[in-house]
Amino acid sequence: MAPQLPSQAEVVIVGGGIIGCSIAYHLTKIGVADVVLLERKQLTCGTTWHAAGLIGQLRASRNMTELAKYTSELLYRLEEETGQSTGFKQNGSISLALNEERFHELKRGASMAKMFGLEVDVVGPAEIKARYPLLSLEGAVGGVFLPKDGQANPVDVTQAYARGARMGGARIFEGVAVERILVEGGRAVGVRLADGEIRAKTVVLAAGMWSREIGRPIGVRLPLHAAEHFYVVTEAIAGLPADLPVLRVPDECAYYKEDAGKMLVGAFEPVAKPWGMDGIAADFAFESLPADMDHFEPILERAVGRLPILADAGIKTWFNGPESFTPDDRYLLGETAEVRDLFVACGFNSIGIQSSGGVGKVLADWIRDRRPPMDLADVDVRRMQPFQANRRYLRDRTVETLGLLYAMHWPYRQVESARGARRSPFHDRLVAAGACMGEMSGWERPNWFAPPGATPRYEYSWGRQNWFDAVAAECAAVRDRVALFDQSSFAKLLIRGPDACALLNRVSAADVDRAVGRVVYTQWLNPRGGIEADLTVTRLAEDAFMVVTGGAGQTRDRAWLERHIPEGARAAVVDVTSGLPMLGVMGPRSRELLQLLCGEDLANAAFPFGTSRELEIGYATVRASRITYVGELGWELYVPAEHAVDVYERIVEAGQELGLGMAGYHAMNACRTEKGYRHWGHDIGVEDNPVEAGLAFCIAWDKPGGFIGRDALLRARDAGTPKRRLVQFRLADGRPSLQHEEPVWRDGAIVGSTTSGMYGHRVGASLGMGYVHHPDGVTAEWLASGRFEIEVAWERFVATAQLAPFYDPKGARIRG
């Protein structure tokens, strides 16, 4: 007799893979027992059952590492708690480098691992051979050993989560397909089944590669696409040690795992095979895809050379199965921007097993508290743009994303697939001017400009790349003359209505109830005082404002603002990004150039810093705002799209006699780093408050009505000198390139880490920012009294640390 389905539950989870079962388990552990999990066929039948089961701990950021580390720690407890074996063993992992560039990358990762509290060793060929005697070391340079990494049985782990969830009161139903998520008033309220409905306060979509199609009918755009993933399993190999570490050889695109006396060899090849473009059958379960020996053969040939014992081993299984990938190789997590009370956890890019415990824990907390328990911006589903769920875009990008997992993670590496999706009106003219385009959220943006006769193409390295001198020239134009930036990718939101000012003043830490024409730099905070957004607000009229934020925050920041519109408030938010391209005119001669074009007085008295007004340029009326992200006198011009090319051409023509130069985002990044301008997502985020970040000057502590996060900030202010503080770093050696998460040492002890870095051409030094900790408070005196070093790829470099920026610390150049 079929079990009776309930008519309602507190939480309904769609999908019975390892992620859905982990979420159910973790919800019960925090007291949310009224959980129903629905699986269309059987648990693990989609992707989980055929996963390789590698459990690595080191990820690209501290919080992502913490989630993976938690999974490893949980698996032992889970087996003891439930009595269900997980097959987990901590046999460690070795990553092998076959060239110096890869070894440098691995050592950078090792430095990060050390800072994150992971056990890690940088090892030479002899040590690798001792730990992995079967390995051929031909071409080997070195590697990294992580002793707490391991492997597990994905099916067993899933069953352990499911058993633990049932023990906590959750109900799990197999053979129950969800036909549609129910949405009423913009909120998810349950699911529709073939023979009824289940109403719920929260719906969680964890349906793996089916998630995109389930979300689409209700307007939720989830960018993920399946790709074919290949591995082989040998026949039993006599004498194969059971304690061999997991082996990764990224230069050969391969990984190796001992598997019950057999060897599993898998690959993340550079040109992948997307699958399921026309949809995935509802009854697809425990199925493999046709073998493609021609596709996998090059991997296998190299594997036999790397592990000679394979030459005499028979192949028991040629396996090919689908796994989901996202456009940026990071999974999709959290409450959707389109539908409230709908949470997603999908698109795991072959790291679902190692992520399962951490993801289940943080999403359970997020569901209970309706806020993320830690900074999860890297994987927040709201980072994605709607067009990225387009089938053709996903298919084209997936060809590349699978292989990027093992590709070299060069600084400034640009994706090569699915390009040209979003282009400003200036695109073709910028290309003709020598622009080397980069990609951000689909936007084609000029990262740098090649000089005449040079090819605008990246040549990647860990040192100074081929665009170093070109960017130096762009920064010189910004400093000495005038430069033109295409900033069209910045997101622009128009907020109108009688309650627009009250809405923005409640959300913003600064006071935006200023005179018409004022531009206010502010942060949007959460109740804990963490920074949810970093942006400007311009008052256009008594009842109209324009918010300008980074392009990557377009969906997220709009959703944050809309979620805070009170019931019945007379305020509307409209995204005007596409209709309002933006040009930055920056440098000491910017005023002279714009005065030539508009014929108006733009001196300080007539057009002060932090103000905005309309100007006539050519046939267009543009909005000019006197602000800067590069630390020089300058204006941002917001141009109606139909006038954009006309305005651009007039600026370029008039600028010739003033030495106008073109400048890209690498120059902008260099200039903003010299000035200590924060970048949301790197230097500031949801776990950083403005007091720690050195942004207390933005806070309107006593404005009428207060603002979200005020109570938390008052506690931070009243606690005295911050024990954690964002500071500026300057390396004595100009060669190393700072990126992020490099350990910061003071007098022989790690006291923090970097958040971002760039070479500062105006000051002639390698610069960075980062947070440091001191129990008695981080002061200028403490910074000056210690010896600071920053560790890059297992080597320390002497650094100067200070609170003030290294370029124009008093801001005299900005004020002209």
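## Exercises on a predicted model

Helix 11 (residues 468–480) holds 13 residues and reaches 18 Å from its first C-alpha to its last, close to the 18 Å expected at 1.5 Å a residue; that expected span is 1.5 Å times one less than the number of residues. Helices (H or I, at least four residues) and strands (E, at least two) are DSSP runs, numbered from the N terminus. This is a predicted model, where local features need pLDDT of at least 70, side-chain atom pairs count only at pLDDT 80 or more, and totals for chains, interfaces and linings use all residues. Residues are numbered from 1 along each chain as its sequence is written, and side-chain values use heavy atoms, leaving out hydrogens and water.

**Exercise 1.** Find the buried residues of helix 11 and what they pack against.

*Solution.* Start with burial: under 20% relative accessible area is buried, over 50% exposed, and in between partly exposed (1.4 Å probe, protein chains only). Among the buried residues of helix 11 are Phe468, Val471, Glu474 and Cys475. Next, look for contacts (heavy atoms within 4.5 Å). The partners of the buried residues include strand 22, strand 29 (582–586) and helix 16 (665–674).

**Exercise 2.** Work out the strand order in the sheet that contains strand 22.

*Solution.* The open, mixed sheet runs 20-22-21. Strand 20 (422–423) and strand 21 (435–440) each have a single partner strand, so one side of each lacks a neighbour in the sheet. Pairing takes at least two DSSP bridges; strands 20 and 22 (residues 443–449) are parallel over two bridges. Finally, Arg422 lies opposite Trp443 of strand 22.
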